[in-house]
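Work through the exercises below with the sequence and the model open. Try each task before reading its solution.

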Amino acid sequence: MTTTHNRELIASEAARLLYEEGYRDYFLAKQKAAQRLGCLTDKASQPSNQEVHNALIQRRQTLATEKENLHLVEIRQVTIEAMEFLHPYSPALVGSVMDGTAGVHSPATLHLFANTAEEVMFFLEDNKIPFQTHEQSFRLRGKQEAYPLLRFYADDYEIELIVFEMGSPAPLSSVTGKAMKRLSIDGVRELTQSSTE
């Protein structure tokens with residue numbers, strides 16, 4: 001079995017893990033896929049994150065069920081409501097719900113902008129919204145940093161909030177290595193409208 005074929009197999013299985021089983025980290029999905037397939041887990045044998053993402057797009061386009069398509073529409077609609085609620089923090093949608101690769105376990109991920117993460121926490125508490133606190137690392141301004149991540153549910157859909165300082169540029173994507181694409185609420189409305197037409 002060639003290295004190229006191995007990479008394709010691992011990319012396909014990692015995409016399945018991300019889409020069907022709710023994996024959120026590309027590296028972990030690739031490692032698990034390699035183990036399940038009995039392939040090498042060294043870096044040279046692993047597909048790039050872009051290769052996995054391409055496999056994820058292909059999987060979504062060819063295998064998505066009507067239920068999964070409906071789920072994507074519904075989570076985008078819930079995301080719009082969440083963005084309206086969080087408008088003081090200029091929310092922007094990123095990730096799989098934006099680019100259409102979200103599976104049924106995928107959260108909607110929003111970037112928020114505030115002076116402090118506590119400001120957003122107090123806002124959620126004041127509105128009686130229970131949430132969990134975590135951290136997520138991003139590469140921004142040439143260095144890797146951890147940023148506050150708040151997680152809550154709206155109509156049984158998971159929403160992740162990553163809080164950045166006011167005016168922060170987009171961090172680098174683990175898929176493309178370029179600045180993450182962010183979508184405003186108007187952009188999400190257009191996206192949702194076009195997907196339901």
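The exercises go from the overall fold to single residues; the model is a predicted one.

**Exercise 1. Overall fold**

Task: State how many helices and strands the protein has and in which pattern they follow along the sequence.

Solution:
- Step 1. The protein has seven helices and five strands.
- Step 2. Read along the sequence, the pattern is α-α-α-α-β-α-β-α-β-β-β-α.

**Exercise 2. Compactness**

Task: Compare the radius of gyration of the protein with that of a compact globule.

Solution:
- Step 1. For 197 residues, a compact globule would have a radius of gyration near 16 Å.
- Step 2. The value for the protein is 17 Å, which agrees.
- Step 3. The C-alpha trace spans about 55 × 40 × 25 Å along its principal axes.
- Step 4. Of the 197 residues, 48% count as buried.
- Step 5. Among contacts with a separation of 6 or more, 59% come from residues 24 or more positions apart.
- Step 6. The accessible surface is about 10,700 Å², and carbon and sulfur atoms make up 50% of that area.

**Exercise 3. Helix 2**

Task: Check the length of helix 2 against the expected span, then describe its ends and its buried residues.

Solution:
- Step 1. Helix 2 covers residues 26–37, which is twelve residues.
- Step 2. The expected span takes 1.5 Å times one less than the number of residues, and for helix 2 this gives 16 Å.
- Step 3. The end C-alpha atoms are 16 Å apart, so the expected span agrees.
- Step 4. At the N-terminal end, Asp25 acts as a cap, with a side-chain oxygen 2.9 Å from the backbone nitrogen of Phe27.
- Step 5. After the helix comes Gly38, with a positive phi near 70°.
- Step 6. The buried residues of helix 2 are Tyr26, Ala29, Lys30, Gln31, Ala33 and Ala34.

**Exercise 4. His71**

Task: Decide whether His71 is buried or exposed, and find its surroundings.

Solution:
- Step 1. His71 belongs to helix 4, residues 66–85.
- Step 2. Its relative accessibility is 12%; buried means under 20%, so His71 counts as buried.
- Step 3. Apart from neighbours within four places in sequence, His71 contacts Gly103, Val104 and Tyr157.
- Step 4. With Val104 there is a polar pair: a polar side-chain atom of His71 lies 3.4 Å from the backbone oxygen of Val104.

**Exercise 5. Strands 3, 4 and 5**

Task: Describe how strand 4 pairs with strand 3 and with strand 5.

Solution:
- Step 1. Strand 3 (residues 132–140) and strand 4 (residues 143–154) run antiparallel and are joined by nine bridges.
- Step 2. In this pairing, Arg139 stands opposite Gln144.
- Step 3. Two residues separate the strands in a hairpin, and Arg141 in the turn has a positive phi of about 55°.
- Step 4. Strand 4 also pairs with strand 5 (residues 157–164), antiparallel, over six bridges.
- Step 5. Here Arg151 has Glu160 as its bridge partner.
- Step 6. This second hairpin also has two residues between its strands, and Asp155 in the turn has a positive phi of about 50°.

**Exercise 6. Positive phi in loops**

Task: Where are Lys128 and Asp156, and are they buried or exposed?

Solution:
- Step 1. Most residues other than glycine have a negative phi.
- Step 2. Lys128 has a positive phi, near 55°, and lies in the loop between helix 6 and strand 3.
- Step 3. Its relative accessibility is 73%, so Lys128 counts as exposed.
- Step 4. Asp156 has a positive phi near 70° and sits in the loop between strand 4 and strand 5.
- Step 5. At 75% relative accessibility, Asp156 counts as exposed.

Key: Residues are numbered from 1 along each chain as its sequence is written. This is a predicted model: local features need pLDDT of at least 70, side-chain atom pairs count only at pLDDT 80 or more; totals for chains, interfaces and linings use all residues. Side-chain values use heavy atoms; hydrogens and water are left out. Two strands pair if DSSP finds at least two bridges between them. Helices (H or I, at least four residues) and strands (E, at least two) are DSSP runs, numbered from the N terminus. Buried means under 20% relative accessible area, exposed over 50%, partly exposed in between (1.4 Å probe, protein chains only). A polar contact is a pair of N or O atoms within 3.5 Å; within protein, one must be able to donate a hydrogen and the other to accept it, and residues adjacent in sequence count only if both atoms are side-chain atoms. Contact means heavy atoms within 4.5 Å. The radius of gyration is taken over C-alpha atoms; the globule rule is 2.2 Å times the number of residues to the power 0.38. Accessible areas come from the Shrake-Rupley method with a 1.4 Å probe; for residues, only the protein chains shown count as cover.
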